[in-house]
Amino acid sequence: MMYELTSQARELSSQNLEIQTTLKNILQTMVQLLGALTGCVQHVCATQESIILENIQSLPSSVLHIIKSTFVHCKNSESVYSGRLHLVSDHLQALFKEAYSLQKQLMELLDTVCMDPLVDENDDILNMVIVIHSLLDICSVISSMDHAFHANTWKFIIKQSLKHQSIIKSQLKHKDIITSLCEDILFSFHSCLQLAEQMSQSDAQDNADYRLFQKTLKLCRFFANSLLHYTKEFLPFLSDSCCTLHQLYLQIHSKFPPSLYATRISKAHQEEIAGAFLVTLDPLISQLLTFQPFVQVVLDSKLDLPCELQFPQCLLLVVVMDKLPSQPEEVQTLWCTESQVSETTTRISLLKAIFYSFEQCSGELSLPVHLQGVKSKGQAEVAVTLYQHVCVHLCTFITSFHPSLFAELDVALLDAVLDTNMITSLLAMDAWCFLARYGTAELCAHHVTLVAQLIKSCPGECYQLINLSILLKRLFFFMAPLHQLEFIQKFSPKEAENLPLWQHISFQALPAELRKQTVHVVTTVGTAECRKWLSSSRTLGELESLNTVLSALLAICNSAGEALDTEKQTAIMEVVSQLWAFLNIKQVADQPYVQQTFSLLLPLLGFFIQTLDPKLIIQVVTLQTSLLKLEPPDYVRLAMLDFVSSLGNLFIPEAIQGTNHEEMVPQCLSSEEIKNKVVSFLEKTGFVDETESAKVERVKQEKGIFWEPCANVTVDEAKRSSLQPYAKKARHEFPWEEEYRSALHTIAGALEATESLLQKGPAPAWLLMEMEVLQERMDKLKRYIL
């Protein structure tokens, strides 16, 4: 009959009455057949109180086959009958109703079926499994046709699965059931979001839309609770469903605020969805917390998530972290230790996963997105940034960390501090500082010593050294005075080999008397080392140690300048002035070590700016002006800016300065364009307004660009690479290098002379032609180099 309907439906038309009659007769016959089957099922229900499935084994599978075929035909009717559906719509509606009644009656019958729990394998088990899987297939057909009927069918599937759990649990296709449930949850959830979005965009309040929204939300909650119930009962059989469950959590949170990829809905609708539906995901994670396959999926070192799922992954890891303190030690160990599951599969620790996942949320951190905060006593709840959210929960987790896992905590924090990403490193530092305050004074002292030894062992300038120095400076403030004294004795500044360490110490952290003593020692040793260099051969190779000494002296000026007596101030100023006299602009332009010396001397000179000889100040400014033309590195330019800012309202006599700098600003503002830019900057009105949605789209694009090259890099590989400094490029010894430099300086000088002549008077007619010839020769030289 189905074949006849499908094959003849193409000929259906309002003019072809014969085909109309034929199709209606077939549909009518099908309705009667379904009615007869319904009567048959009702008869079985009425005549037997307790039904053994073996006695009716041919009935359920046959009936369910017919029901599914009927629903499939009804679902596809629009395409089967094309634009002529209205000619048979009444008969199709009757067919659907009869199939609905038949399935309802069959479910009532199956609800009374008994199975012998002592029998391990028989036809009853197979038949019941077939029934459940057949109903599962029907669910996928009717999901978009009748929501209530769909939900009732699912309710029956879950009920029967649990009722006969003991004898069919190993036969059920659990993965199919979990996958279907998750798909239905996502479909209902997306429908909910679409309705909420429509209501948010519409000014008028449509009660019908809102009722549909509530109905769909209720369906979401039903499916989620069904999944929760099924997962609880069949957890040992769900190892191959963990990836689906993981993806479900991520997909839901990727479409819900505050995700960058969320649907735009009102705050009220957000709260409704969160309160009625999202709350059910929390106990689901609790159930999966002890399940090793789920841990493996979430912490898989080869986990490769698209941009939109990285933020939900971070939220999930924080949720797991919040739940672990209430779990026994073995569960904490399961999550917080790394494991080699197989030759190709590795599981990283939860803490490493949190830092790695956090690092991937660049867009959410830069906007920043805001999450629900924690309520304080007597205070209203305040939204927090992602950074605050992760930091607070991480610190809370540290307070309950099991002692046996402290080594894992140390490794994770140190790895993150040494990360290439500064925001990740700062998060680890914040957590480490919290640990230093929360733990004992002895633990803090131990950590300071550990970090100090790591700094001393660093082979040279690298980002890891910068990160460790920031951490040391912060941790030093939390040390007890007694431990600070022990630190000074252990890493005595009297020994020059320890000066690299003292350039990273904030002397402000020391008690007043101890600070004064330590400043005195460091200054004495530092100035002595400077004089030693001045009286030596003064080779460039020795500049590295000199720069370390200057950094230590600068640390004193920046953090304990008030502890310097007049004698020490004079000593520092004298050696700095003498060192400045040896600077050569060519070396500053070409030699990195000299550039570093230059960048250290400038802030030291700036510190003593009020007592410096004006002639020396003029020399410094003049050298800076010349150096800018040679395009020095950025850190040198920043040091120059800092020195200029230190000048402040310093008065320089006209006879010395040569240029009246009070008149420079008005002269620079002669251009109307520059004047407008300055005014806009001062009034903070020169910024282009960007809408919230435009900002989100821009950040999403940036996030995709930032992380696209790393899409195929595993968590392990990313972490390992972040701990390895970039290999230094071998220095090539070019022949005739000095000759090249001399030739280029000559060219630059000629160009400057030509520019000066052009400013004085009109150019001769032949000049442009000659410059074009030179340009061609320059292009030819470039091709040789490339």
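Start by selecting glutamate 631, which is exposed, with a relative accessible area of 63%. Here buried means under 20% relative accessible area, exposed over 50%, and partly exposed in between, using a 1.4 Å probe and protein chains only. Glutamate 631 sits in the loop between helix H31 (614-628) and helix H32 (634-647). Helices (H or I, at least four residues) and strands (E, at least two) are DSSP runs, numbered from the N terminus. Now check its backbone: phi of glutamate 631 is near 55°, a positive value in a residue other than glycine. Most residues other than glycine have a negative phi, and most peptide bonds are trans.

A word on what you are viewing: this is a predicted model, in which local features need pLDDT of at least 70 and side-chain atom pairs count only at pLDDT 80 or more, while totals for chains, interfaces and linings use all residues. Residues are numbered from 1 along each chain as its sequence is written, and side-chain values use heavy atoms, with hydrogens and water left out.

**Stop two: around the same loop**

Select proline 633, also placed in the loop between H31 and H32. Proline 633 is partly exposed, at 28% relative accessible area. Next, pick aspartate 590 in helix H29 (residues 585-590). From its C-alpha to that of leucine 630 is 9.5 Å, although the two are 40 residues apart in sequence. Leaving aside neighbours within four places in sequence, aspartate 590 is in contact (heavy atoms within 4.5 Å) with Gln595 and Arg741.

**Stop three: two cis bonds**

Go to proline 257 and proline 258, which are joined by a cis peptide bond with omega of about 10°. Proline 258 belongs to the loop between H11 and helix H12 (267-276). Then move to leucine 367 and proline 368, where the peptide bond is cis too, with omega near -5°. Proline 368 is found in the loop between helix H18 (362-366) and strand E5 (370-371).

**Stop four: one side of a helix**

Colour helix H13 (residues 281-288) and show its buried residues: Leu281, Leu284, Ile285, Gln287 and Leu288. They cover an arc of only 155° around the axis, which puts them on the same side of H13. The arc is that of the directions from the helix axis to the C-beta atoms. What covers these buried residues? Among the elements doing so are helix H10 (207-234), helix H11 (242-254), helix H14 (292-298) and helix H15 (307-323).

**Stop five: salt bridges**

Stay on H13 and show the side chains of aspartate 282 and lysine 323, which meet in a salt bridge at 2.9 Å, N to O. Aspartate 282 lies in helix H13 and lysine 323 in helix H15, so the pair ties together parts that are 41 residues apart in sequence. A salt bridge here is a side-chain nitrogen of Lys or Arg within 4 Å of a carboxyl oxygen of Asp or Glu. By this rule the count comes to eleven.

For a pair within one helix, try glutamate 697 and lysine 700, whose salt bridge spans 3.1 Å, N to O. Being three residues apart in helix H36 (residues 692-707), they are separated by about one helical turn. Glutamate 702 pairs with arginine 698 as well, the closest N and O atoms being 3.1 Å apart.

**Stop six: into the core**

Which residues of the largest nonpolar core touch the most other members? Of its 234 residues, they are Tyr81, Phe277, Trp335, Phe487, Trp580 and Phe598. The largest share of this core, twelve residues, comes from helix H9 (residues 174-201). A nonpolar core is a set of buried Ala, Val, Leu, Ile, Met, Phe, Trp, Tyr and Cys residues joined through side-chain atoms within 4.5 Å.

Zoom in on phenylalanine 487: leaving aside neighbours within four places in sequence, its contacts include Val448, Ala452 and Leu501. Leucine 501, in helix H25 (residues 499-502), is buried, with a relative accessible area of 0%. Its C-alpha is 6.9 Å from that of alanine 452, which is 49 residues away in sequence.

**Last stop: back to the surface**

Select phenylalanine 681 in helix H35 (residues 672-683). Is phenylalanine 681 buried or exposed? Phenylalanine 681 is exposed, with a relative accessible area of 61%.
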